[in-house]
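Visitor: I would like to go through this structure with you, one topic at a time, and hear how each answer is reached.

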Amino acid sequence: MEKQKGNITYCKDLCHIMKRSLLRIAIALVVVGVVAAWFGGAFVTDRIDPEQSIQQKANPADPAAVAFAVKTPVTQWYEAVGVVRPKLETSIESQVQATILDVQVRSGDTVKAGTPLIILDSRQLNARVEQAQEAVSSAKSAKAQAAQAITAAQARYDQTKADYGRMSTLVKSGAVTAQEVDKARADFLQAQAALAQARDGLDAAGAKIRQAEKAALDAQISLDYAVITAPEDSQIVKRLAEPGDLAFPGKALLVLQTGSSLRLEAAVREGLIAKARVGERFPVTIEALSDTEGGGKTTAVIEEVVPFADPKTRTFLVKAGLPRMDGVYPGMFGRLFIPLGMRQAVLIPPQALRRIGQLDMVRVKEGDTWRNVAVRTGKMQNSMVEIVSGLHGGEELALFEEIPEQTGGTTKASSQEMQSQAPTETASPATEAQ
């Protein structure tokens with residue numbers, strides 16, 4: 001009997017434990033479900049699914065201002081990306097081999113013509129100059145000696161000539177023998193040859209002087225190369241050497257931008273190279289100046305088209321000259337816009353857009369009521385926004401903000417006024433330009 005009671009008690013405890021475990025599991029499942037529903041947005045009452053037009057209860061009162069969606073032709077553009085580079089760029093190299101003692105400029109410095117840029121070790125160059133000057137002095141001394149030798153040879157020549165003349169006269173009267181005449185004649189010929197040799201020595205000494213002077217001039221020019229100066233007014237673009245480096249011909253030490261003219265070098269795909277002709281003007285945007293006055297937008301003139309296509313990218317290099325712009329420097333990123341043609345686009349003022357959650361909404365009038373419509377927007381150009389989908393053009397839209405009045409006119413913008421304000425549009429080369 002006691003054994004049966006013990007079994008009954010054990011079964012009751014086991015059932016109680018199982019009930020508590022099941023209850024915990026059920027509570028955990030409920031909590032997990034609530035959390036999943038929360039993250040899934042089940043408790044967000046104002047969520048709107050994408051691409052779904054939502055109709056809400058119309059506001060019985062008409063909006064204070066309205067505008068019309070305008071369907072108008074716009075220009076489709078191809079964006080060619082490029083880099084700003086100087087028109088004239090000079091690479092500074094050393095004309096002699098020497099160690100760099102000092103580099104007196106840094107990147108970004110503006111220098112005048114003749115400003116010292118780099119100082120080289122000139123000790124060996126000075127030694128060459130001194131050696132060349134000594135060679136000039138030695139050649140001049142040799143020339144002086146040659147001149148003295150000519151004087152001596154001339155005197156000897158004059159004496160032997162006179163002696164030979166007398167002997168030739170006396171031999172007829174028998175006062176001298178024929179042997180003495182022959183000896184006088186031989187002395188005369190030797191003196192004549194010595195004089196000619198002395199004169200040749202003087203000419204050779206003069207040639208050596210000229211050679212030594214040219215060597216001295218070359219050494220002096222090399223010494224002048226020890227100080228590298230700016231060839232003209234320019235700006236330092238790159239500094240490629242530091243003190244202690246070895247400078248030698250062919251090694252670039254500095255890169256200078258000579259002149260203030262810049263241009264945009266852009267890669268244009270081969271299918272559009274016929275449109276990028278020299279002399280044509282196209283819009284250009286410098287992205288780094290997008291937040292400045294003017295938005296970094298300007299017009300460039302095509303100056304050069306490299307007649308060779310890159311076989312990897314199938315593009316041509318087009319160089320467009322830029323006007324003078326503050327804040328533009330070599331190396332900046334830019335875009336060159338080439339027109340592809342015209343297409344139809346729907347444009348609305350930005351005051352007609354309202355952001356709800358993840359969607360852009362507009363209020364469209366249908367009959368006497370207003371309803372909310374989800375739209376997909378494109379790029380904004382000047383004061384207009386392109387509507388990619390959701391509107392077809394001609395719809396009357398409510399303005400959430402009034403359009404600033406330019407001449408004190410009405411707050412209702414007509415379709416003709418909206419079309420007159422419609423700008424050209426920039427197409428993405430990845431989508432529309434292909």
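Visitor: Which residues make the nonpolar surface patch of about 350 Å²?
Guide: The model is a predicted one, in which local features need pLDDT of at least 70 and side-chain atom pairs count only at pLDDT 80 or more, while totals for chains, interfaces and linings use all residues. Residues are numbered from 1 along each chain as its sequence is written, and side-chain values use heavy atoms, with hydrogens and water left out. A patch is built from residues with over 30% relative accessible area and no salt bridge (a side-chain nitrogen of Lys or Arg within 4 Å of a carboxyl oxygen of Asp or Glu), like charges being joined within 9 Å and nonpolar side chains (Val, Leu, Ile, Met, Phe, Trp, Tyr) within 5 Å, with areas from the Shrake-Rupley method, a 1.4 Å probe and, for residues, only the protein chains shown as cover. The residues that make this patch of about 350 Å² are Leu23, Ile27, Val31 and Val35.

Visitor: Where does Val35 lie, and is Val35 buried, partly exposed or exposed?
Guide: Val35 belongs to helix 1, residues 2-39, where helices (H or I, at least four residues) and strands (E, at least two) are DSSP runs numbered from the N terminus. Buried stands for under 20% relative accessible area and exposed for over 50%, with partly exposed in between (1.4 Å probe, protein chains only). Because its relative accessibility is 39%, Val35 in helix 1 counts as partly exposed.

Visitor: What span does helix 2 reach from its first C-alpha to its last?
Guide: The expected span of a helix is 1.5 Å times one less than its number of residues. For helix 2, with 51 residues, this expectation is 75 Å, and the span in the model is close to that value, at 76 Å.

Visitor: Which helix is included in what covers the buried residues of helix 2?
Guide: The buried residues of helix 2 include Leu125, Val129, Ala132, Val136 and Ala139. An α-helix has 3.6 residues a turn, so residues three or four places apart point the same way. The cover over the buried residues of helix 2 includes helix 3.

Visitor: Which residues does Lys140 contact, leaving aside its neighbours within four places in sequence?
Guide: Lys140 lies in helix 2, residues 123-173, and counts as partly exposed because its relative accessibility is 45%. The C-alpha atoms of Lys140 and Ile209 are separated by 6.0 Å, although the two are 69 residues apart along the chain. With contact taken as heavy atoms within 4.5 Å, and those neighbours left aside, Lys140 touches Ile209 and Glu213.

Visitor: Which elements give two or more residues to the largest nonpolar core?
Guide: A nonpolar core is a set of buried Ala, Val, Leu, Ile, Met, Phe, Trp, Tyr and Cys residues joined through side-chain atoms within 4.5 Å. The largest has 29 residues, and those with the most contacts inside it include Ile100, Leu117 and Leu254. The elements that give two or more residues to this core are strand 4 (98-103), strand 6 (116-120), helix 2, helix 3 (178-224) and strand 10 (252-258).

Visitor: How many residues has the other core?
Guide: This core lies apart from the largest one, and among its members are Val84, Ala276, Val318 and Met332. Its count of residues is 23.

Visitor: About how many helical turns separate Asp187 and Lys183?
Guide: The side chains of Asp187 and Lys183 meet in a salt bridge, 3.4 Å from N to O, and Lys183 counts as exposed, at 56% relative accessibility. Because Asp187 and Lys183 are 4 residues apart in helix 3, their separation is about one helical turn.

Visitor: Which residues are joined into one network by salt bridges that share partners?
Guide: Lys319 forms a salt bridge with Glu304, with the closest N and O atoms 3.8 Å apart. Lys319 lies in strand 14 (residues 315-322) and Glu304 in strand 13 (residues 297-310), so the pair ties together parts that are 15 residues apart in sequence. Lys319 is buried, with a relative accessible area of 13%, whereas Glu304 counts as partly exposed at 32% relative accessibility. The network joins Arg85, Lys87, Arg263, Glu265, Glu303, Glu304 and Lys319.

Visitor: What is phi of Arg314 near?
Guide: Arg314 sits in the loop between strand 13 and strand 14. Most residues other than glycine have a negative phi, and most peptide bonds are trans. Arg314 is a residue other than glycine with a positive phi, near 55°.
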